[in-house]
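User: I'd like to learn how to read burial and packing in a model like this one. Could you walk me through an example?

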Amino acid sequence: REHRVWVSLKISMLAMSMCTNRVQQLPMRIEAHSRRVASLRHSISPRSRLADTTPCFNFRVDLTKLHVGTGRKCAKKHAVVVCAARNEGTAASETLFSLPQTAVEAINQAAQAVERGFEAGFTRQQIELLLPIEQRRQNYMFTETMEYPENASLIYQTAGEMAKALIKALGHAGEVLSTRIDDDGIEGEPVGVYSTASKEVIVITQPTADVLPKIRDIEKEQGRKVILLNPMWRTKGNIVSDFGFGPWRKKAEDFVSKFAVTYKMTEQRIGAASTLDPATGDYMGIGGVARLLQVYPGKWQVFSIGKDGSSECIVVQKDEPTYQQLEETFRKSKTSLKTTRKGENSEEDRMKEGLQSTVAMDFSLMSGAEIRTAVQAGLIKPSDASNMDKSALRAALGAWGLPTSGKVEELRKRLMDKMAMVKPE
């Protein structure tokens, strides 16, 4: 009996030791999966979302810098910026940036910020972009969340396309190599590594706390420029950090802090942004959708978004706005999602101007609305549909209200037939 008790005790001690190791890893696993859920379903809780957008108002898809003024035109043709609620500490010559209207614009703007970071000596950077997924596949400026979010595999694929476009925008025209460094397989959280053939520039998409050891191995090579795109961890606001406890957490946070944040564009829903008041026809309460933008070396800009995709800069400040600050700003400005933001051009005009300045069409990143506008403007032809993948085909068909089901060739023929019927304006 004593022997059996001794054996049971040893087994219990071994089990406790194993459980201790698992418990140390458990918070990271739970938080990592929570981040994935949050990225797939933006509407879980308005207060749980990261503030992702910023303050300056523009009507066109221009990637050039803009200067705060009183509605005056800047050096770039047709580029107009109005800051409806400039802070007292914001000088009249403060450099602001236009809010990207398309995914391609966002990539180009981010690439410019990354280049400035490289010039400042930041060889390790992190950026955050709004991916052209879910409702943004139809129109990058759409803010209403889809009822059925996209799966992790499709989001990973889209993040990869953004990474490839970023590398090309940084001036590397050669082949872009790619691989995965996560261990979770099909059902896990895919993390991709995209690089030039020389490994001079490396972009890691949607990295999680689980792959930090592999990122360290990649980062320690001298002469490399490493960019983290849309990190999935959170370093503040959590009771339990994504990086665990005690010395493990400090070591991870010290490592992540080496990556300077040079670009960030996010989206934040304020109040009951989509709840209609049947009596007035307007949205209940004061609230709406904000896009927050920080472009190195500039300040945080907060843009109020209209349901039609128009945008207006309402705040410029040094630090990232909290949800409470955004809520107060929207309350004071009596902002509603229904309200069209100030602007002289229609959504189609803004989009057309941006497309006309595009050197090469990247259909993998274009929304359905962009493809439709490009066809109407005569910028792309029916034969160009042969270069579109299934996602682009479905987005374009959806923009015209056409069926999006069927095999790829059926979708392509359906779109080409529709494009042939459209007369360029």
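**Reading a buried residue**

Analyst: Happily! Leu 170 has a relative accessibility of 9%, so this residue counts as buried, the cut-off being under 20%. Keep in mind that the model is predicted.

User: Where does Leu 170 sit in the chain?

Analyst: Leu 170 belongs to the loop that runs between helix H4 (152–169) and strand S7 (176–180).

User: Which residues does Leu 170 touch, not counting residues up to four places away in sequence?

Analyst: A contact here is a pair of heavy atoms within 4.5 Å. By that reading, Leu 170 touches Ala 111, Val 114, Glu 115, Phe 118, Val 201 and Ile 227. Take Glu 115: 55 residues separate Leu 170 from Glu 115 in sequence, yet their C-alpha atoms are 7.2 Å apart.

User: How do I go from one residue to a core?

Analyst: Look for buried nonpolar residues joined through side-chain atoms. The largest nonpolar core has 44 residues, and Leu 170 is among those that touch the most other members, along with Ile 127, Leu 129, Leu 166, Ile 227, Tyr 263 and Met 265. Helix H2 (residues 103–119) contributes the most to this core, with nine residues. There is also a second, separate core of 18 residues, including Ile 181 and Phe 255.

User: And what about the chain as a whole?

Analyst: The chain holds 11 helices and 14 strands, and 48% of its 425 residues are buried. Among contacts with a separation of 6 or more, 66% join residues 24 or more positions apart. The accessible surface is about 20600 Å², with 53% belonging to carbon and sulfur atoms.

Notes:
Residues are numbered from 1 along each chain as its sequence is written. This is a predicted model: local features need pLDDT of at least 70, side-chain atom pairs count only at pLDDT 80 or more; totals for chains, interfaces and linings use all residues. Side-chain values use heavy atoms; hydrogens and water are left out. Helices (H or I, at least four residues) and strands (E, at least two) are DSSP runs, numbered from the N terminus. Buried means under 20% relative accessible area, exposed over 50%, partly exposed in between (1.4 Å probe, protein chains only). Accessible areas come from the Shrake-Rupley method with a 1.4 Å probe; for residues, only the protein chains shown count as cover. A nonpolar core is a set of buried Ala, Val, Leu, Ile, Met, Phe, Trp, Tyr and Cys residues joined through side-chain atoms within 4.5 Å.
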